[in-house]
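Visitor: Could you pick one part of this model and walk me through it up close? I'd like to know what sits around it, with the cut-offs spelled out as you go.

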Amino acid sequence: MKRVISVLVLVAVLMMWAGCGGKQVKVPFGSEERVSTSYEKAYGELTKAGFTNIKIEPVNTAHKGNVGNLESITINGKSFKKYESFSEDAEVVIRHYVDVEDNSKVQIKFWK
């Protein structure tokens, strides 16, 4: 009976381990290291590292000097350290500044 339970526990552990995501990749920089730099550079570094689930989100700014720069990067909703390992399909969110005027243009049509 102990042997059966041991085998079942081993199988359960192996199944959980296999289901933890795909290949592990290391982040080439910490989340705070790229703030206020080009979001495109960070995107390139993350794709080169092997991340496959990267989302880009715009953040409005009225300060022209910030346009195109990073506001923040998170992996699985949290900050991270340089060389920290994550699954290649972990959710990466890159938030970058866009001009509030360019992002808020809306066309409204009135019908008579």
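Guide: First, the bookkeeping: helices (H or I, at least four residues) and strands (E, at least two) are DSSP runs, numbered from the N terminus. This is a predicted model, where local features need pLDDT of at least 70 and side-chain atom pairs count only at pLDDT 80 or more, while totals for chains, interfaces and linings use all residues. Residues are numbered from 1 along each chain as its sequence is written, and side-chain values use heavy atoms, leaving out hydrogens and water.

The protein chain has three helices and five strands, in the order α-β-α-β-β-β-β-α. Let's zoom in on α2, which spans 39–49, and start with its ends. Right after α2 comes Gly50, with a positive phi near 120°. At the N-terminal end, Ser38 is the cap, with a side-chain oxygen 3.2 Å from the backbone nitrogen of Glu40. That fits the polar-contact rule: a pair of N or O atoms within 3.5 Å, where within protein one must be able to donate a hydrogen and the other to accept it, and residues adjacent in sequence count only if both atoms are side-chain atoms.

Now for the two sides. Tyr39, Ala42, Glu45 and Leu46 are the buried ones in α2. They sit on the same side of α2, because they cover an arc of only 125° around the axis, an arc taken from the directions from the helix axis to the C-beta atoms. An α-helix has 3.6 residues a turn, so residues three or four places apart point the same way. Glu40, Lys41 and Lys48 are exposed on the other side of α2. Here buried means under 20% relative accessible area and exposed over 50%, with partly exposed in between (1.4 Å probe, protein chains only).

What does the buried side meet? Those residues pack against β2, β3 and β5, with contact meaning heavy atoms within 4.5 Å. Two strands pair if DSSP finds at least two bridges between them. β2 (54–61) runs parallel to β5, with eight bridges, one of them linking Val59 to Tyr97. β3 (70–75) is antiparallel to β5, with five bridges, and there Ile73 partners Ile94. β5 itself has six of its eight residues buried, so it is largely enclosed by the rest of the structure.

α2, β3 and β5 each give two or more residues to the largest nonpolar core, a set of buried Ala, Val, Leu, Ile, Met, Phe, Trp, Tyr and Cys residues joined through side-chain atoms within 4.5 Å. It has 16 residues, and Leu46, Phe51, Ile73, Ile75, Val92 and Ile94 have the most contacts inside it. Ile73 ties in with α2 directly, touching Ala42 and Leu46 among others.

Just past the helix, Phe51 sits in the loop between α2 and β2 and is buried, at a relative accessible area of 4%. Beyond its neighbours within four places in sequence, Phe51 has contacts that include Leu46, Ile75, Phe86 and Val92. Its C-alpha atom is 9.2 Å from that of Gln24, 27 residues away along the chain.

Back at the capped end, Ser38 is among the residues touched by Asn69, which lies in the loop between β2 and β3.
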